[in-house]
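Here are some short exercises for working through a protein model by hand. Try each task before you read its solution.

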Amino acid sequence: GEPGPKVGSVATDVLEEPTAHAMPRIPSPAPPVEPVGEQVGVMALVEAAQQGDGEAFGSLYDRYVDMVHRYIAYRVGNPSLAEDLTSETFLRALRRITSYTWQGRDFGAWLVTIARNLIADHFKSSRYKMELATSDLVAAGADRSQEGPETEVLSGITNAALLDAVKQLGAEQQECIVLRFL
């Protein structure tokens with residue numbers, strides 16, 4: 001006859017039911033891809049800065065200072081505070097440059113993380129007060145006095161609509177909008 005299971009044999013091709021205590025398999029992250037394109041040059045600057053090359057760090061500063069400043073200025077809304085926090089971001093980056101390792105993201109992402117932490121620290125600190133300096137109020141009023149009320153109303157409506165649209169996006173997409181346009 002045809003070969004088949006014998007009486008009393010155990011089928012080995014039957015899948016077992018998962019048990020309640022079985023942990024789901026979490027895929028391990030892929031190792032960071034080597035830098036390509038302009039990231040190769042950025043990483044060369046980072047590596048030189050890690051070896052103490054001040055000019056290399058200066059090049060990194062020149063490349064990323066505007067992006068970091070825009071990110072901070074958007075978050076804090078105070079020009080002098082934005083300048084202070086931008087300086088502190090690069091000072092911390094310089095102090096910790098040897099701890100930076102390629103994670104598959106642009107060096108600017110590391111700087112933005114430092115900036116984000118500094119902003120959070122600032123707003124959590126007891127030194128932070130919800131006050132506007134008189135000069136800030138005068139400067140804000142001086143800019144508006146040259147525009148008519150119609151322009152101000154239309155700008156306000158447009159800005160409100162844009163803000164509502166951006167709030168509909170996920171956190172990462174909002175971050176992209178901020179970094180790209182502000």
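The exercises below go from the whole chain to helix pairs and then to single residues, and the model they use is predicted.

**Exercise 1. The whole chain**

Task: Find how many helices and strands the protein chain has, and how its residues and surface divide up.

Solution:
- Step 1. Start with the secondary structure: the protein chain has seven helices and zero strands.
- Step 2. Reading along the sequence gives the pattern α-α-α-α-α-α-α.
- Step 3. Next comes burial: of the 182 residues in the protein chain, 21% are buried.
- Step 4. The accessible surface is about 13,900 Å², and carbon and sulfur atoms account for 57% of that surface.
- Step 5. Finally, take the contacts between residues at least 6 apart in sequence: 61% of these join residues at least 24 apart.

**Exercise 2. Helix α1 against helix α2**

Task: Describe how α1 and α2 pack, and state which residues meet.

Solution:
- Step 1. Locate the two elements: α1 covers residues 38-50 and α2 covers residues 54-76.
- Step 2. Their axes lie 7 Å apart, at an angle of about 135°. Because of that angle, α1 is oblique to α2; the oblique class takes in angles that are neither under 35 degrees, nor over 145, nor from 65 to 115.
- Step 3. The hand of the crossing between α1 and α2 is left-handed.
- Step 4. On the α1 side, the contact uses E38, V42, L45, V46, A48 and A49. On the α2 side, the partners are A56, F57, S59, L60, R63 and Y64.
- Step 5. Sorted by class, the residues of this α1 and α2 contact are nine nonpolar, one polar and two charged.

**Exercise 3. Helix α2 against helix α3**

Task: Work out the angle class of α2 and α3, then the make-up of their contact.

Solution:
- Step 1. Helix α3 spans residues 79-96, and its axis is 9 Å from that of α2, at an angle of about 140°.
- Step 2. With that angle, α2 is oblique to α3.
- Step 3. The crossing of α2 and α3 is right-handed.
- Step 4. From α2 come F57, L60, Y61, Y64, V65, V68, H69, I72, A73 and V76. From α3 come L81, A82, E83, L85, T86, T89, F90, A93 and L94.
- Step 5. The contact of α2 with α3 holds 15 nonpolar, three polar and one charged residue.

**Exercise 4. Helix α2 against helix α4**

Task: Do the analysis for α2 and α4, and give the hand of their crossing.

Solution:
- Step 1. Helix α4 runs over residues 107-124, and the axes of α2 and α4 come within 10 Å, crossing at roughly 35°.
- Step 2. The crossing of α2 with α4 is right-handed.
- Step 3. α2 contributes L60, Y64, M67, V68, Y71, I72, R75 and V76. α4 contributes F107, G108, L111, V112, A115, R116, I119 and F123.
- Step 4. By class, this α2 and α4 contact has 13 nonpolar, one polar and two charged residues.

**Exercise 5. Two neighbours in α1**

Task: Decide whether Q39 is buried or exposed, and do the same for E38.

Solution:
- Step 1. Place both residues: Q39 lies in helix α1, and E38 lies in helix α1 too.
- Step 2. Q39 has 14% relative accessibility, so Q39 counts as buried; the cut-off for buried is under 20%.
- Step 3. E38 has 56% relative accessibility, so E38 counts as exposed; exposed means over 50%.
- Step 4. Beyond its neighbours within four places in sequence, Q39 contacts W102, D106 and F107.
- Step 5. D106 appears again with E38: the two are 68 residues apart in sequence, and their C-alpha atoms are 9.7 Å apart.

**Exercise 6. A residue in α3 and one in α2**

Task: Give the burial class of T89 and of Y74, and say which residues T89 touches.

Solution:
- Step 1. T89 sits in helix α3, and its relative accessible area is 0%, so T89 is buried.
- Step 2. Setting aside residues up to four places away in sequence, T89 touches V68, I72, L111, I114, A115 and L118.
- Step 3. Y74 belongs to helix α2, and at 39% relative accessibility Y74 is partly exposed.
- Step 4. Y74 and V178 are 104 residues apart along the chain, with 7.6 Å between their C-alpha atoms.

Note on methods. Residues are numbered from 1 along each chain as its sequence is written. This is a predicted model: local features need pLDDT of at least 70, side-chain atom pairs count only at pLDDT 80 or more; totals for chains, interfaces and linings use all residues. Side-chain values use heavy atoms; hydrogens and water are left out. Axes are lines fitted to C-alpha atoms, for helices over the stretch in contact, and angles run from 0 to 180 degrees between N-to-C directions. Helices (H or I, at least four residues) and strands (E, at least two) are DSSP runs, numbered from the N terminus. A crossing is left-handed if the near helix is turned anticlockwise from the far one by less than a right angle, and right-handed if clockwise. Contact means heavy atoms within 4.5 Å. Ala, Val, Leu, Ile, Met, Phe, Trp, Tyr, Cys and Pro count as nonpolar, Asp, Glu, Lys and Arg as charged, and the others, Gly among them, as polar. Buried means under 20% relative accessible area, exposed over 50%, partly exposed in between (1.4 Å probe, protein chains only). Accessible areas come from the Shrake-Rupley method with a 1.4 Å probe; for residues, only the protein chains shown count as cover.
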